Amino acid sequence: MSMKNTMVHKVFMLFICFCSYFVRSEDKAPKLTIVVVIDQFAYHELQKLQPYFKGGIKFLHDNGVRYVNAFHPHGMPETGVGHTSIGTGTLAKEHGIIGNNWLDAQGNSITCDADNAPHAAVFSPTGLYNFGVSPKNIMVDTLSDQLIMNSYPHAKNIVFSLSLKSRSAVGMAGRLGKAVWFDAQSGAFTSSKVYFDELPQWVKDFNQEKNISELKDYTWDLTYPASSPAYNFSNTHDYEFSSVKKSWIGVKHEIDKKEHDPFLFFEKTPLANKLLLDCATACLKNTITNNPQERVVLWLSLSSLDLIGHVYGPNSLEALDMLYKIDTQLKDFIDKVYEAVPQEDVLFALTADHGIVPILEEVKKNGLTFAQRIDSKTLMSSVNEAIEKKHGISNALEHFRMPSFYCNKNILELSKSQRNTIMYDIKNILMNHPGIKYAWTFDELSWSPYACNVLPNYFKNQLYRNRTGHIICQVQPYNYIDIFTSGTAHGTPYDYDTHVPLIVYQKGKLFNKTIMETTYIPQLTVSLAEMLRVPRPSASTFNLLSGISYNGVKK
C-alpha cells in the first residue's frame with residue numbers, strides 16, 4: 001500500500017471513530033434516572049390543580065412527554081400493588097402482590113412485605129427490631145433486579161429505592177436494589193438485612209444530621225394565602241365526613257415519645273416528604289461522589305398525600321396543600337439534581353401508584369344520590385344469615401379484604417357440587433345488594449373471556465391463587481365496602497382510582513409532547529428498561545410507551 005493510500009486509510013479510520021463517538025454520545029443511556037411516585041395522586045387532581053402548580057410538577061408537566069390516559073389496570077389499586085407493578089412492569093396476577101395484605105389458607109393476615117426470617121431483620125437505632133421486611137412475596141424479578149444483574153465491571157448500575165413506606169420501597173427495589181424507608185417508631189430512615197449487612201454510613205449520617213428523633217413539635221403552614229383561589233374548591237373546608245373533624249393546618253402539633261409510633265402523625269405532613277427528598281439528595285451526593293463513572297437509578301415514593309388523603313379526602317384543604325408543597329419541594333430537589341449532573345444526562349419519570357375515592361358522603365351530598373358506603377360487617381352478616389337459613393352452615397363468609405370475600409373452610413371442604421351451589425347463592429345475594437354490580441367465584445372470574453379494556457378484566461389482572469379470596473365483587477361507581485364510617489380509601493376499577501399522571505422527561509431526548517392513547521403504567525417499566533439498555537423484567541409482556549424516540553427505537 002502506497003504512502004498516499006496509507007494516509008487516506010488513516011484519515012478515513014479517524015473519521016469513522018469520530019462519528020462513532022458522537023453516535024455513542026447521542027445514544028448513551030442516562031447517567032441518572034429518577035422515578036418519582038406520588039402515592040394517591042389521581043390524574044383528575046393534576047387536571048384540577050395544574051393552574052396553581054409553579055414548581056417541580058409544573059416543570060415536568062410543561063417540559064415532558066405527557067400521557068394523559070395512563071391507568072393501573074387493577075380492580076383494587078393499592079400501594080403495594082401499584083409500586084410492585086411499577087417495579088416489575090407487570091400485573092398482580094404475575095407478581096403476586098394483590099394488596100397491602102391478604103389472607104392465607106389458614107386465615108392468617110399476610111402483610112405484603114413482612115418476613116420474620118432472621119435475614120430480613122430491620123435495623124433500629126439500638127440494634128435490630130424483632131420483625132423483618134423483605135421482597136419474598138414478590139414472585140417475579142423487577143427492573144432493579146435486571147439493572148444489577150446486567151451491570152459490568154466497567155459500567156455498574158446502582159439502584160436505590162426510597163420511601164416513607166417500606167412496602168413502596170421494597171416493591172420497586174425488588175431483591176437486588178437497595179430499599180430504604182422511614183421508621184415511625186424511631187423517627188429515622190432504616191432498612192433490613194436483606195439489603196445491607198449494616199445500615200449505610202450515609203443513612204446514619206443523614207439521620208444524625210436531621211435528628212428527627214428529637215423533634216418536639218411542628219406546624220403545617222399553607223403554601224398560598226388562605227384566601228387564594230388555589231383552595232377555592234367544593235368541600236375544601238368541609239370536615240363533616242372526614243376521620244378528623246378539624247383542620248391540621250396552622251396548628252402546633254406536639255410529638256408524644258411515649259406512643260408506640262410517635263412519628264406516625266409526622267408522616268402525614270409535608271415535612272415528611274421534604275425529609276424524604278432531603279434523604280434522596282444525600283443518597284445521590286454519596287453515590288455520585290463515590291461512584292462518578294457509574295449509572296444510578298433512584299426510585300422515590302412520596303407517601304404523605306396518601307396518608308393524609310385517607311383522613312380528609314382528596315378535596316380537602318390538607319390534600320390540596322400537600323400537593324402544592326410537593327410541587328415546591330420537587331422543584332428544589334430537581335435544582336439540586338441538576339447542580340450535580342448535567343441536565344442532558346438525567347431522565348425523570350413522574351407517576352402515581354393509584355388514585356382515590358372521594359369521600360362518598362360528600363359525593364352524595366353534592367347530588368349523586370347513589371353514592372354510599374357499604375358496611376362490610378353488616379353485609380357479611382346478612383349473607384351469612386341467609387346461607388345458614390338455607391344450607392345450615394354458619395359463618396359462610398369469614399373475612400373481607402376489598403374486593404374479596406373469604407369463605408369458611410367448612411364450605412371449601414364440601415363436594416364440588418355442594419360448594420358451587422352455596423357459592424352461587426352467595427353471589428346472588430351479593431349482586432342483589434344495592435351498590436354491588438357483579439360477583440364472581442375465583443375460578444369463574446379466572447376463566448371468563450373478558451376483553452382487556454373492560455373493567456371486570458381489571459379484577460382478573462389481580463387474581464393470585466391462595467392469596468385472592470374465594471368470591472370477588474365489583475361495586476357500582478361511588479360505592480365502597482368498608483368497616484370505616486368516615487374518611488375514604490381506594491380500591492375500585494373506576495377512573496378516580498386507576499387513572500394517574502404519567503410524565504417522562506429528559507432534556508434533548510424526551511420532551512414537550514402529549515400522548516392521548518390509552519397507556520398502562522407497566523409500559524413505563526418496559527420503556528425504562530429499553531432506555532437503560534437492560535432486559536425488561538422477565539414477566540412483563542407490555543409494549544413500549546408510544547411517542548418516544550430513544551436509542552434508535554421509536555414507538
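L298 is a good place to start: leaving aside residues up to four places away in sequence, L298 touches T33, I34, V35, F160, L162, A280, C283, L284 and F333. Keep in mind that this is a predicted model.

**The cores**

L298 belongs to the largest nonpolar core, which counts 120 residues. Together with I34, I38 and L162, L298 is among the members that touch the most others there. Helix 11, running over residues 317-340, makes the largest share of this core with 12 residues. Another core sits apart from this one and has 30 residues, including I374, V383, I436 and Y494.

**Strand 8 and its partners**

Now for the strand that carries F160 and L162. Strand 8 covers residues 157-163, and seven of its seven residues are buried, so the rest of the structure largely encloses it. Burial holds on both faces: N157, V159, S161 and S163 point one way, I158, F160 and L162 point the other way, and all of them are buried.

What does strand 8 pair with over seven bridges? The partner is strand 13 (residues 295-302), and the two run parallel. In this pairing F160 has L298 as its bridge partner, and L298 also has F160 on its contact list. Strand 9 (residues 178-183) pairs with strand 8 too, again in the parallel sense, over four bridges. Here F160 stands opposite K178.

**Strand 14, covered on both faces**

Strand 14 (residues 346-351) has six of its six residues buried, so it is largely enclosed by the rest of the structure. On one side you find V346, F348 and L350, on the other L347, A349 and T351, and all are buried.

Strand 14 pairs with strand 1 (residues 32-38) in the parallel sense over six bridges, with V36 opposite L350. Strand 14 is also joined to strand 22 (residues 502-505) by four bridges, and that pair runs antiparallel. A349 has V504 as its bridge partner in strand 22.

Here are the pairings of strands 8 and 14 side by side:

| Strand | Partner | Sense | Bridges |
|---|---|---|---|
| Strand 8 | Strand 13 (residues 295-302) | parallel | seven |
| Strand 8 | Strand 9 (residues 178-183) | parallel | four |
| Strand 14 | Strand 1 (residues 32-38) | parallel | six |
| Strand 14 | Strand 22 (residues 502-505) | antiparallel | four |

**A three-strand sheet**

There is also an open sheet of three strands, in the order 21-3-24, with mixed pairing. Strand 21 (499-500) and strand 24 (519-520) stand at its edges with a single partner strand each, so one side of each has no neighbour in the sheet. Strand 3 (residues 70-71) and strand 24 run parallel and are joined by two bridges, and A70 stands opposite T519.

**Helix 4**

Is helix 4 mostly covered or mostly exposed? Helix 4 spans residues 79-88 and is mostly covered, with 10 of its 10 residues buried. Those buried residues are T79, G80, V81, G82, H83, T84, S85, I86, G87 and T88. Just past the end of helix 4, G89 takes a positive phi of about 70°.

**Pockets and cavities**

The second largest pocket has a volume of about 610 Å³. Its lining comes to 26 residues, and L412, M423, T468, G469 and H470 lie nearest the centre. Helix 15 gives the most to this lining, with four residues. Other elements that supply at least two residues each include strand 16 (397-401), strand 17 (404-407), helix 14 (409-412) and helix 16 (442-447). By class, the pocket lining has seven nonpolar, 10 polar and nine charged residues.

As for enclosed space, the structure holds four cavities of 30 Å³ or more. The largest cavity has about 50 Å³ of space. Its lining is made of Q40, E45, L305, G309, G313, P314, A319, L323 and I356. Helix 10 (304-312) and helix 11 each give at least two of these residues. This lining divides into five nonpolar residues, three polar and one charged.

**A loop residue, S234**

S234 lies in the loop between strand 11 (217-219) and strand 12 (252-254). S234 is partly exposed, with a relative accessible area of 47%. Leaving out residues up to four places away in sequence, S234 touches N315 and N366. The C-alpha atoms of S234 and S316 are separated by 8.7 Å, although the two residues are 82 residues apart along the chain.

Note on methods: Residues are numbered from 1 along each chain as its sequence is written. This is a predicted model: local features need pLDDT of at least 70, side-chain atom pairs count only at pLDDT 80 or more; totals for chains, interfaces and linings use all residues. Side-chain values use heavy atoms; hydrogens and water are left out. On a 1 Å grid over the protein atoms alone, a cavity is a set of points where a 1.4 Å probe fits but cannot get out, and a pocket is an open set with protein on both sides within 12 Å along at least five of seven lines; lining residues have an atom within 4 Å of a point. Grid points are joined across faces, edges and corners, and a volume is the space filled by probe spheres set on the points. Ala, Val, Leu, Ile, Met, Phe, Trp, Tyr, Cys and Pro count as nonpolar, Asp, Glu, Lys and Arg as charged, and the others, Gly among them, as polar. Two strands pair if DSSP finds at least two bridges between them. A nonpolar core is a set of buried Ala, Val, Leu, Ile, Met, Phe, Trp, Tyr and Cys residues joined through side-chain atoms within 4.5 Å. Buried means under 20% relative accessible area, exposed over 50%, partly exposed in between (1.4 Å probe, protein chains only). Contact means heavy atoms within 4.5 Å.
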